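Open your viewer and get ready to click through a short tour. At each stop you will hear what to select and what to look for there.

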Amino acid sequence: MDPNDYTMVWSAYGAGATVVVALLWSLTRGGNWLNIKWAFRLLCVAAVATPIYHSDATQQFVPAIVTATLGGMLGGVEEAMPAWRLLGLSAALALLAAIPMARLEAAIRRRFGSNVPDSELSATAHSADPAGD
């Protein structure tokens, strides 16, 4: 594969993955479910951002989720297992990272005393009249 094509494909995949993660991130902004919110967010990031070496081409990466899915459908379980192992490792690391992230968010929310999403905070801050008029 031409290096320019390789870069273009990864750029398109990266843009699409960024949009998916941003959408899922925005869907989990509100609410009081800190225990699973960060686990869900980081699992999504790990699923779309984990690369693996391509089996046919040297020094080229492919998304592991695509390799695991297509390899399992077209080549069987033996061909998909390396990608599934790597995705499992990425998921385990994401779950480990979710614990301190959830604790950090809980500490910040306790410190600043708000369980209201940022969008509601900014809307009420701008609508309040500090002069009392």
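Begin with the charged side chains: this predicted model contains one salt bridge, counting a side-chain nitrogen of Lys or Arg within 4 Å of a carboxyl oxygen of Asp or Glu. Select Glu105 and Lys37 to see the pair, whose closest N and O atoms are 3.0 Å apart. Glu105 sits in helix H4 and Lys37 in helix H2 (residues 34–49), so this contact ties together parts that are 68 residues apart in sequence. Side chains of opposite charge can pair when their charged atoms come close. Are these two residues buried or exposed? Both Glu105 and Lys37 are buried.

Now zoom out and colour by secondary structure. You should find five helices and two strands. Following the chain along its sequence, the order is α-α-β-β-α-α-α. The protein has 133 residues, and 24% of them count as buried; Glu105 and Lys37 both fall in the buried class.

Next, stay on helix H4 and select Leu95, which lies in that helix. Then add Ala39 to the selection: the C-alpha atoms of Leu95 and Ala39 are separated by 5.5 Å, although the two residues are 56 apart along the chain. How covered is Leu95? Leu95 has a relative accessible area of 39%, so it is partly exposed, a class that runs between the 20% limit for buried and the 50% limit for exposed.

For the next stop, show helix H3 (residues 64–75) together with helix H4 (residues 77–112). Two packed helices are described by the angle between their axes and the distance between the axes. At what angle do H3 and H4 pack? The angle is about 160°, and the axes of H3 and H4 are 7 Å apart. Angles over 145 degrees count as roughly antiparallel, and therefore H3 and H4 are roughly antiparallel to each other. Turn the pair in your viewer and look at how they cross: the crossing of H3 and H4 is left-handed.

Finish on the surface. Keep H3 in view and select Leu70, which is found in that helix. Leu70 is partly exposed, with a relative accessible area of 40%. Which residues join Leu70 in a nonpolar surface patch? Add Val66, Met73 and Leu74 to your selection: with Leu70 they make a nonpolar patch of about 430 Å². Switch on a surface display for these four residues to see the patch for yourself.

Notes
Residues numbered from 1 in each chain as written. Predicted model: local features only at pLDDT ≥ 70, side-chain atom pairs only at ≥ 80, totals over all residues. Heavy atoms only, no water. Patch = residues over 30% accessible without salt bridge, like charges linked within 9 Å, V, L, I, M, F, W, Y side chains within 5 Å. Areas by Shrake-Rupley, 256 points an atom, 1.4 Å probe, with all protein chains shown as cover. Helix = DSSP H or I, 4+ residues; strand = E, 2+ residues; numbered from the N terminus. Buried < 20%, exposed > 50% of the residue type's maximum accessible area, 1.4 Å probe, protein only. Axes fitted to C-alpha atoms, helices over the stretch in contact; angles between N-to-C directions. Parallel < 35°, antiparallel > 145°, perpendicular 65-115°, else oblique. Left-handed = near helix turned anticlockwise from the far one by under 90°.
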